[in-house]
Amino acid sequence: MEKGLFITFEGADGCGKTTQMELLAEYLKNNEKDVLLTREPGGKGLGEKVREILLNYNGPVSDRCESFLFLADRAQNIDIIVNPAVSQGKIVLCDRHIDSTVAYQGYGRGLDIERINKLNDIATNGKKPDLTFVFDIDVETSMKRVGKEKDRMESAGIDFHNRVREGYLELAKQEPKRIKVLDATKSIEDIHNKVIEIINEKLKNL
Ligand code: TYD
């Protein structure tokens, strides 16, 4: 049986990570790989209900409550969707994961990063992605792409989103082997080619 892989896609809202994830899935399937797509928040089932609260709830939400909801969804995604698929030799592509919580709740909301790392570790039971792409984009361009219809997180303001971006870049500096930063202002095709290059290198060294 082939060895499974867990790959995560990260970056600001509007950075194009979902498009790139879908393009990569197509590429891998065309190369006879067994691929599974999931996302956080909201893989499927219970996760979808948590996503609905996180993105659309209108009342006040405490920063720690917000973190716990993302973490609860993460535990569900890892246990019910990611781990079973990886152990069957699948390549699992996940739209957002642990680094989103460090970037958004840590750098963005200002919660203690050490504590978030510990909570992430509990939510994932210690599992880390084999590879992570960060699609880096300036806040002005990303907000233009998101447009006027913003959800609760997207409405958090320019300073918040600048801190999120800095958070991702800092994480990539700390873990250069796992986290690869790509310029999200390039064309879809250029970015896709770069993603494929990195994936093929990873598959070669499995
Ligand atoms: P996303 O699925 O990328 O939104 P969309 O499909 O609408 O583009 O992400 C949902 C939002 O949740 C996004 O603004 C980032 C935020 N988020 C956090 O703040 N912390 C987290 O741990 C995760 C997973 C997401």
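**Exercise 1. Locate Arg 96 and describe its backbone and its burial.**

Step 1. Arg 96 sits in the loop that joins strand E3 (91-95) to H4. The model is predicted.

Step 2. The phi of Arg 96 is positive, about 75°, although Arg 96 is not a glycine. Most residues other than glycine have a negative phi.

Step 3. The relative accessibility of Arg 96 is 10%. Buried means under 20%, so Arg 96 counts as buried.

**Exercise 2. Do the same for Glu 32: is it buried or exposed?**

Step 1. Glu 32 belongs to the loop between H1 and E2.

Step 2. Its phi is positive, about 60°, and Glu 32 is not a glycine.

Step 3. The relative accessible area of Glu 32 is 70%. The cut-off for exposed is over 50%, so Glu 32 is exposed.

**Exercise 3. Find which peptide bond next to Pro 41 is cis.**

Step 1. Pro 41 is placed in the loop between E2 and H2.

Step 2. The bond from Glu 40 to Pro 41 has omega near -5°, and it is cis. Most peptide bonds are trans.

**Exercise 4. Describe the largest pocket by volume, lining and residue class.**

Step 1. The volume of the largest pocket is about 410 Å³.

Step 2. Its lining is made up of 24 residues. Nearest the centre of the pocket lie Lys 17, Glu 40, Pro 41, Arg 51 and Arg 96. Glu 40 and Pro 41 are the two residues joined by the cis bond.

Step 3. Two or more lining residues come from each of helix H1 (17-30), strand E2 (35-39), helix H2 (46-56), helix H3 (63-87) and helix H4 (98-108).

Step 4. Sorted by class, the lining holds twelve charged, seven nonpolar and five polar residues.

**Exercise 5. State which residues come nearest the ligand, and give the distances of three polar contacts to its oxygen atoms.**

Step 1. There are 16 residues around the ligand, and Asp 13, Lys 17, Arg 96, Thr 101 and Gln 105 come nearest.

Step 2. For Thr 101, a polar side-chain atom is 2.6 Å from a ligand oxygen atom. The corresponding distance is 2.7 Å for Asp 13 and 2.9 Å for Arg 51.

**Exercise 6. Characterise the surroundings of Gln 105 and relate its position to that of Ser 155.**

Step 1. Gln 105 is part of helix H4. With a relative accessibility of 1%, Gln 105 counts as buried.

Step 2. Apart from neighbours within four places in sequence, Gln 105 touches Glu 66, Ser 67, Phe 70, Ser 100, Gly 110, Leu 111, Ile 116 and Met 153.

Step 3. Ser 155 is found in the loop between helix H6 (139-146) and helix H7 (158-174). Its relative accessible area is 47%, so Ser 155 is partly exposed.

Step 4. Along the chain, Ser 155 and Gln 105 are 50 residues apart, and their C-alpha atoms are separated by 14 Å.

**Exercise 7. Count the cavities of 30 Å³ or more and describe the lining of the largest cavity.**

Step 1. The count is one cavity. The largest cavity has a volume of about 60 Å³.

Step 2. Its lining includes Gly 11, Ala 12, Phe 135, His 161 and Tyr 168.

Step 3. Strand E4 (131-136) and H7 each give at least two residues to this lining, and H7 provides the largest share, four residues.

Step 4. Six of the lining residues are nonpolar, two are polar and two are charged.

Conventions. Residues are numbered from 1 along each chain as its sequence is written. This is a predicted model: local features need pLDDT of at least 70, side-chain atom pairs count only at pLDDT 80 or more; totals for chains, interfaces and linings use all residues. Side-chain values use heavy atoms; hydrogens and water are left out. On a 1 Å grid over the protein atoms alone, a cavity is a set of points where a 1.4 Å probe fits but cannot get out, and a pocket is an open set with protein on both sides within 12 Å along at least five of seven lines; lining residues have an atom within 4 Å of a point. Grid points are joined across faces, edges and corners, and a volume is the space filled by probe spheres set on the points. Ala, Val, Leu, Ile, Met, Phe, Trp, Tyr, Cys and Pro count as nonpolar, Asp, Glu, Lys and Arg as charged, and the others, Gly among them, as polar. Buried means under 20% relative accessible area, exposed over 50%, partly exposed in between (1.4 Å probe, protein chains only). Contact means heavy atoms within 4.5 Å. A residue is near a molecule or strand if one of its heavy atoms lies within 4 Å of it. A polar contact is a pair of N or O atoms within 3.5 Å; within protein, one must be able to donate a hydrogen and the other to accept it, and residues adjacent in sequence count only if both atoms are side-chain atoms.
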